[in-house]
Amino acid sequence: MEKHRRIVRSCLFGLALAAPAAWAGVFDITATVNGQTQSRQYDTAEDALAATTDAGMRALIANYNGTETASLKLDFRGVNMLLAYPTQGSTLLRLDIPVLNLSQTFQGASRDASEDLLKDYFKKNPDLLSRLQRALVETSPVDPVAGNPNSMMSRGAAQDYGLGLVSPSQASGKADKPSGLVGFMPSYTKLVANGVSNPRDMDSDAASLPLSYSRQFETPGRELTIYVPLAQTDVEGAKAYDVGMSVTYRGPISEQWYLAFTGGLRATGSPDLGSGVAMGNATITSSYVIPGKDFSFTIGNMVGFYKALKLKVNDVAYDPDIRNTVFRNGVLIEQNTTMMLGDEPVTWEYALVDTRYTGTRLFNRNQQEVSVTFGSKRAANARTSSMRGGLSYIRAPHAKGFSLSFGYWF
């Protein structure tokens with residue numbers, strides 16, 4: 001519950017101004033008192049929020065006594081925020097949010113009371129939280145919800161596409177008895193993001209640990225999969241976590257054409273980054289298999305709908321109203337080899353995938369991936385353990401990185 005409070009407090013404070021700007025750290029603060037200016041960077045939203053109190057202002061500017069003309073500009077993950085006491089000795093607190101077309105003043109008996117009025121204002125206007133979250137996915141290079149390859153939406157689209165895709169070897173083989181398969185698929189993704197006009201790059205590191213159970217039927221390529229993704233992302237020391245569950249059913253339409261349907265729920269939360277969103281999705285994936293002797297191909301096409309859900313945390317309800325249609329198209333090339341891994345034949349797989357996002361405006365609206373994996377041939381009806389490992393290169397308009405993956409099924 002305390003983490004939920006911290007998320008809400010961070011989001012509430014995040015509405016203190018939302019205008020796109022250059023950024024240098026996860027959270028940057030510039031305080032000005034009587035013409036004297038100090039700047040500092042923070043790793044978490046909570047630390048940045050603490051800097052806005054009287055004690056925090058005194059830590060930034062030692063001679064601040066709570067009565068001077070003062071302004072505080074906070075760069076909130078790529079979104080500017082500003083609070084100001086424009087008049088010497090006055091308790092009048094001014095708030096301007098150009099992106100939200102909002103300008104408000106608050107005046108209590110003291111400056112602390114004025115800040116309390118500001119917080120109450122946001123609690124009574126949850127639509128401002130929704131508008132802030134939409135501003136963040138559009139302007140922040142490291143938002144945990146959407147807009148970059150390490151975000152929950154991007155990772156979810158990649159996972160849904162992978163669950164629905166049928167490789168050439170999975171489409172071949174003889175009918176056999178139904179079998180169940182447990183999968184363990186850890187991965188690590190390193191991403192370097194850069195803002196439109198930022199002075200430096202920002203790193204994010206994501207560790208993912210998806211678990212799955214697949215029920216494979218007698219018909220090659222027909223499968224029901226329950227998938228549970230778990231992930232942690234580190235952005236310059238700030239942590240974000242996400243978890244979810246999805247169900248995928250796929251089967252043949254013809255000898256070479258397969259369709260897969262996926263429905264899922266995911267949620268991400270980060271007190272450090274001041275964000276928390278739940279998301280539902282539904283996707284359909286088409287796989288067209290072109291068999292060959294040494295090389296075989298799968299042409300994959302996915303369209304998915306991803307929508308952030310309404311949330312109520314600590315009596316504050318808001319609807320982020322983030323909704324995107326995602327198109328993911330690619331080709332998978334499977335190369336047979338003469339090598340064996342135990343009793344299983346070994347294959348190389350090469351893939352090229354392009355992803356496009358429509359709907360809510362995102363910081364990165366497309367991304368491309370090139371990958372290669374090596375391991376046991378994907379069987380149509382797996383009855384023994386198998387494994388694969390691989391490397392991917394990821395590129396987006398304002399980000400680039402790589403991913404290491406390993407999968408073990410038994």
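A strand here is a DSSP run of E with at least two residues, numbered from the N terminus. Keep that in mind for the exercises below, which use a predicted model.

**Exercise 1. Place Ser 187 in the fold.**
Task: find which strand holds Ser 187, and which residues far from it in sequence are in contact with it.

Solution:
- Step 1. Start with the secondary structure: Ser 187 belongs to strand β9, which covers residues 187-193.
- Step 2. Turn to accessibility. Ser 187 has a relative accessible area of 21%, and buried means under 20%, so this serine is classed as partly exposed.
- Step 3. Set aside the neighbours within four places in sequence. The contacts of Ser 187 are then Ala 206, Ala 207, Ser 208, Leu 404 and Ser 405.
- Step 4. Take one of these partners, Ala 207, and check the distance. Ser 187 and Ala 207 lie 20 residues apart along the chain, with 5.9 Å between their C-alpha atoms.

**Exercise 2. Try the same with Arg 215.**
Task: say where Arg 215 sits and how many residues separate it from Ile 226.

Solution:
- Step 1. Arg 215 is part of strand β11, residues 211-216.
- Step 2. With a relative accessible area of 35%, Arg 215 is partly exposed.
- Step 3. Arg 215 and Ile 226 are 11 residues apart in sequence, and their C-alpha atoms are 8.7 Å apart in space.

**Exercise 3. Compare two helices with their expected spans.**
Task: work out what span α4 and α5 reach, and which of their residues are buried.

Solution:
- Step 1. Helix α4 runs over residues 111-124, 14 in number, and reaches 20 Å from first to last C-alpha, close to the 20 Å expected at 1.5 Å a residue.
- Step 2. Its buried residues are Arg 111, Ser 114, Glu 115, Leu 118, Tyr 121 and Phe 122. They lie on the same side of α4, because they cover an arc of only 110° around the axis.
- Step 3. Helix α5 has 13 residues, 127-139, and its 18 Å reach is close to the 18 Å expected at 1.5 Å a residue.
- Step 4. The buried residues of α5 include Leu 128, Leu 129, Leu 132, Leu 136 and Val 137. Ser 130, Gln 133 and Thr 139 are also among them.

**Exercise 4. Look for positive phi.**
Task: for Asn 34 and Asp 321, give phi and the loop where each is found.

Solution:
- Step 1. Asn 34 is not a glycine, yet its phi is positive, about 50°.
- Step 2. Asn 34 is in the loop between β2 (27-33) and β3 (36-42), and its 52% relative accessibility makes it exposed.
- Step 3. Asp 321, also a residue other than glycine, has a positive phi near 55°.
- Step 4. Asp 321 is in the loop between β19 (316-318) and β20 (323-341). This aspartate is partly exposed, at a relative accessible area of 32%.

**Exercise 5. Describe the largest cavity.**
Task: state how much space the largest cavity holds and what lines it.

Solution:
- Step 1. Count first: the structure has three cavities of 30 Å³ or more.
- Step 2. The largest cavity holds about 50 Å³ of space.
- Step 3. Its lining includes Val 142, Asp 143, Pro 144, Asn 148, Ser 204, Thr 233 and Leu 273.
- Step 4. Sorted by class, the lining has five nonpolar, five polar and one charged residues.

**Exercise 6. Step back to the whole chain.**
Task: say how many helices and strands the protein chain has, and what share of its residues is buried.

Solution:
- Step 1. The chain has seven helices and 24 strands.
- Step 2. Of its 410 residues, 52% count as buried.
- Step 3. Among contacts between residues at least 6 apart in sequence, 59% join residues at least 24 apart.

Definitions and conventions: Residues numbered from 1 in each chain as written. Predicted model: local features only at pLDDT ≥ 70, side-chain atom pairs only at ≥ 80, totals over all residues. Heavy atoms only, no water. Helix = DSSP H or I, 4+ residues; strand = E, 2+ residues; numbered from the N terminus. Expected span 1.5 Å × (residues − 1). Buried < 20%, exposed > 50% of the residue type's maximum accessible area, 1.4 Å probe, protein only. Arc of directions from axis to C-beta. Contact = heavy atoms within 4.5 Å. 1 Å grid on protein atoms, 1.4 Å probe; cavity = no way out; pocket = protein on both sides within 12 Å on 5 of 7 lines; lining within 4 Å. Points joined across faces, edges and corners; volume = space filled by probe spheres on them. Nonpolar A, V, L, I, M, F, W, Y, C, P; charged D, E, K, R; others polar.
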